[in-house]
Amino acid sequence: MSGKRIEWPYEIKYGQEKDVYADVVVLGGGLAGCYAAIGAARKGLKVALCDKSNVIHSGSGGTGIDHYSCPSNPACKLTIDEYMSTRGTYANYIAKYIMARDSYEVLCEMEKMGCKVRDTDDEFLGADFRDDETKLLFANDYEFRQMTRLWGGGMKPALVKECERLGVNIYNRVMATSLLSEDGKQGGRIIGATGLDTQTGEMYIFHAKAVVMAMCTPDRLWIFSSEWVGLMGRDGPPTNSGNGHAMAYRAGAELVRMESSTHEEWGGSTGIGSVLFGSGSTFSTWFPCNMVDADGKPIPWERWDGKILDDFAERTHPAPGQGYFTMALGGSETNGKGYLGASPGLIHDLQERIEKGEYKLPLYADLPSMSPQERRAIFGLMVGHEGQTYPVYRNLTRAGFDPEKDLLQAYDMGSAPVGWRRLRYGGLMHDWDLKTNLDGLYGAGGQLFDGCGCSIALTTGRWAGSIAADYTKTLPEEFTPLSRAQIDAEKERIYAPIHREDGINWKELEAGIGKVLQDYCGDNKNEELFNIGLQALDEIKNGEAKTLVARNPHELMRAVEAMDILTCAEMVINASKARKASSFWLFFDRIDYPDRDPAEWNKWLAIKEVDGKPAFAEYPLDYYGYGGTEYEKRADAVIRDAEIGGK
């Protein structure tokens, strides 16, 4: 490098404002955000959609998906009630029920938009995982067929094209920074939002009658390495920094299950692992791949009760009386006695056998030993369309990798990544309208608690956008005036780093926050650790964070992310401190409260900010009632634009 200073290529507009008026403003342009915009625009309303990246490939599903939960497809052997198995647990029953009912309908809509969802070329004709009548392909469970495979690399471009056709105003490279409330009061009705142009630094002022938040989870809390992003094991983009969670918290919205987040999110405690789904294994995209050791010795598979499976078909078909597979981890991890819904995986004591010398490292995915159809389904369909895997597929193919002849080394020991057991996201508390405790504010996709998955993102996006649109029609035609004081306070907050000459950069701040969480909110938790952690975060907030420096709009965006990460870290520790019990289902263990899931603690803890301090509310686990009744009350709100043949 020459060392020559590179001039910023865009006109700088710090402090300048651009007003945008829209009936519905959607924050976040991933799968959920795009479909929320589509759902609202179908009602003939003016819709604005903003994203800090470019919407055409932004979000966790921006570069593709390979799995799609679809229990309402006509080949699925389950009824919706049979599929639902989350009642009375810490899962998001509402979002899952909406997904279960609407998944096939949305899939058909995606097909009409131009995304390939069926084997129309008969490439997999006769395969065990293909339904010849519908030409749908299925993953994980070939018997009950509730999970489809699809060519998801074209999904985001198809959604963006539909948004444009419906007249949605898309604001690329605009990062949402705050929610605006009536009279500028915390806890008040949401009537707008602010955004930062990440190229010019200009401030966007969104005037709205309803806001749908569709941003994603705070994935950069415990682990972070800006220089190793290509090797980090998360399933979403590194821009998932929890901006929406922090914005909602500051506005007075309730969030739940924040205590269930842990430091092992997808990358292990170091944050530097193999690219998720990018190396040979049996996990998710690679299920149900054959595995061998360094000498070519096959690694046995076993089912949930420890029985060794000699027949390949047993990996993809539940045992008699088992019911459907609820997940495809490709690893038992429970001493051969997992729970009934778990899919088969490699032998649970593989690690011990490796240590004894029975199997030799490294392990390899043995694609050549599989049938041509199973091999092509994994490498070429799944690996290639799942978001992170296209570069892997392209680079391996260019390098001469031949799945018919070559083995591919597995870096995750052929099993699920460590962090998978911790995949439990917190997020917005909501009702069946996907409305928060704040009037005018709705959530979708990863913005909701336990909102993980592309099918939940798409279906809840359509649902939230449609219902938010109907809500706006109950309001006066004119927009409610925004609070000038609230806007000015937000401008002062986000522009502070550009006015400093000396201080720390966003990477240093974020690394410090991560270290606090690692030390004081890791696997070992107790009251004293939480108190020290909160004190450390407070010292960072009132010390180092006030020296944060940004030299250009891009660094300013990163600085705002780091400040939001600090807010999310405070939420997590405060929520963890408030739950005085351990929980198996939340993957939450306290040394000072070792009893798991005592009856008095089987409840939701909702956290929100009130006058700068955390406040809590409690809700019963089954606060949502019965899904069928609640769904039908609202089903007519959605304009359904597809010919369907499902349940």
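So, contacts along the chain. If we take the contacts in this predicted model between residues at least 6 apart in sequence, 74% join residues at least 24 apart. Keep that in mind while we look at the rest of the chain.

What is the chain built from? It has 15 helices and 22 strands. There are 647 residues in the chain, and buried ones make up 60% of them. And the outside? The accessible surface comes to about 25000 Å², with 49% of that belonging to carbon and sulfur atoms.

Okay, let's zoom in on one strand, β2, which covers residues 47-51. How many of its five residues are buried? Five of the five, so to speak a full house. You can also go through β2 face by face: V47, L49 and D51 sit on one side, A48 and C50 sit on the other, and both faces are covered.

Now, who are the neighbours of β2? One partner is strand β1, residues 17-27, and the two pair in the parallel sense over four bridges. If you want a spot to find on screen, look for V25, which stands opposite A48 in β2.

The other pairing I want to show you is with strand β7, residues 169-172. β2 and β7 also run in the parallel sense, again over four bridges. Which residue in β7 is the bridge partner of D51? That's N172. And remember D51 from a minute ago: it's one of the buried residues of β2, on the side with V47 and L49.

So that's β2: buried on both faces, paired with β1 and paired with β7.

Methods
Residues numbered from 1 in each chain as written. Predicted model: local features only at pLDDT ≥ 70, side-chain atom pairs only at ≥ 80, totals over all residues. Heavy atoms only, no water. Buried < 20%, exposed > 50% of the residue type's maximum accessible area, 1.4 Å probe, protein only. Contact = heavy atoms within 4.5 Å. Areas by Shrake-Rupley, 256 points an atom, 1.4 Å probe, with all protein chains shown as cover. Pairing = 2+ DSSP bridges.
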